[in-house]
Amino acid sequence: QVQVTEFGGGLVQAGGSLRLSCEVSGRLFSIHAMDWYRQAPGKSRELVASITNDGSTNYSDSVKGRFTISKDNAKNTAYLQMNSLKPEDTAVYYCHADVQLIRSVVRGTDYWGQGTHVTVSS
């Protein structure tokens with residue numbers, strides 16, 4: 001079974017930095033894209049950043065200029081470098097992967113991690 005696991009959450013002071021990691025494990029053919037979402041208490045889940053297999057990236061306006069998404073294809077791992085953190089960044093951060101399981105079926109399948117908590121104190 002394909003599994004997505006996030007690491008790196010924690011408590012940080014406003015203005016500080018954290019780096020989250022997302023590892024995709026299990027048998028798969030390729031990963032089309034990886035994304036970071038977050039869900040603050042009482043709010044809906046929102047897309048924070050995404051990266052495709054060709055390296056193209058997108059960011060939400062709220063994090064652009066502060067967060068950077070990257071990936072290591074050899075490790076099936078994506079990262080989210082979060083700088084200049086604000087209290088409003090406090091949320092559970094989830095990694096999502098669009099995974100092609102076998103070569104003959106190009107359409108990907110969605111996999112989600114369990115989330116990692118990020119708390120930014122003021």
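Which residues of E1 form the covered face, and which the uncovered one?

## Strand E1 and its partner

The model is predicted. In strand E1, Val4 and Glu6 make up the covered face. Gln3, Thr5 and Phe7 lie on the uncovered face.

E1 runs antiparallel to E3, and 5 bridges join the two strands. One residue of the covered face can be placed in this pairing. Val4 has Val24 of E3 as its bridge partner. Val24 also belongs to the largest nonpolar core, where it is among the residues that touch the most other members.

## The four-stranded sheet

E1 and E3 are part of an open sheet of 4 strands. The strand order is E1-E3-E8-E7, and the pairing is antiparallel. Two strands sit at the edges: E1, residues 3–7, and E7, residues 67–72. Each of these pairs on one side only. On average, neighbouring strands in this sheet are turned by 15° against each other, direction ignored.

At the other edge, E7 pairs with E8, which spans residues 77–82. This pairing is antiparallel and covers 6 bridges. Asp72 stands opposite Thr77 of E8. In general, the strands of a sheet pair through backbone hydrogen bonds.

## Strand E9 and its three pairings

How many of the 10 residues of E9 are buried? The count is 9, so E9 is mostly covered, with buried meaning under 20% relative accessible area.

E9 pairs antiparallel with E4 over 9 bridges. Within that pairing, Ile31 stands opposite Val99 of E9. E9 also pairs antiparallel with E10, residues 109–112, over 4 bridges. Here His96 stands opposite Trp112 of E10. A further antiparallel pairing, over 3 bridges, links E9 to E11. Tyr93 has Thr116 of E11 as its bridge partner.

## The nonpolar core

The largest nonpolar core holds 30 residues. Val24, Met34, Trp36, Leu80, Met82 and Tyr93 touch the most other members. Strands E3 (18–25), E4 (30–39), E5 (46–52), E7, E8, E9 (91–100) and E11 (116–121) each give two or more residues to this core. E9 supplies the largest share, 5 residues.

Which residues does Leu80 contact beyond its neighbours within four places in sequence? The list starts with Leu18, Arg19 and Leu20. It continues with Trp36, Val48 and Ala49. Phe67, Thr68, Ile69 and Tyr93 complete it. Among these contacts, Trp36 and Tyr93 are, like Leu80 itself, core residues that touch the most other members.

## Ser50 in strand E5

Ser50 is found in strand E5. Is this residue buried or exposed? Ser50 counts as buried because its relative accessibility is 12%, and the cut-off for buried is under 20%.

Leaving out residues up to four places away in sequence, Ser50 touches Met34, Asp35, Ser56, Thr57, Asn58 and Ile69. Met34 is also one of the core residues with the most contacts to other members. Ile69 is in contact with Leu80 as well.

## Rings and charges

Two arginines have their charged ends over tyrosine rings. The charged end of Arg19 sits over Tyr79, 4.3 Å from the ring centre. Arg19 is also among the contacts of Leu80. The charged end of Arg45 sits over the ring of Tyr94, 3.7 Å from its centre.

How many aromatic pairs does a search of the whole structure find? The search finds 1.

Terms used:
Residues are numbered from 1 along each chain as its sequence is written. This is a predicted model: local features need pLDDT of at least 70, side-chain atom pairs count only at pLDDT 80 or more; totals for chains, interfaces and linings use all residues. Side-chain values use heavy atoms; hydrogens and water are left out. Two strands pair if DSSP finds at least two bridges between them. Axes are lines fitted to C-alpha atoms, for helices over the stretch in contact, and angles run from 0 to 180 degrees between N-to-C directions. A nonpolar core is a set of buried Ala, Val, Leu, Ile, Met, Phe, Trp, Tyr and Cys residues joined through side-chain atoms within 4.5 Å. Buried means under 20% relative accessible area, exposed over 50%, partly exposed in between (1.4 Å probe, protein chains only). Contact means heavy atoms within 4.5 Å. Rings of Phe, Tyr and Trp (its six-membered ring) pair if their centres lie within 6.5 Å; planes under 30 degrees apart count as stacked, over 60 as edge-to-face and the rest as tilted. A charge sits over a ring if NZ of Lys or CZ of Arg is within 6 Å of the ring centre and within 35 degrees of the ring normal.
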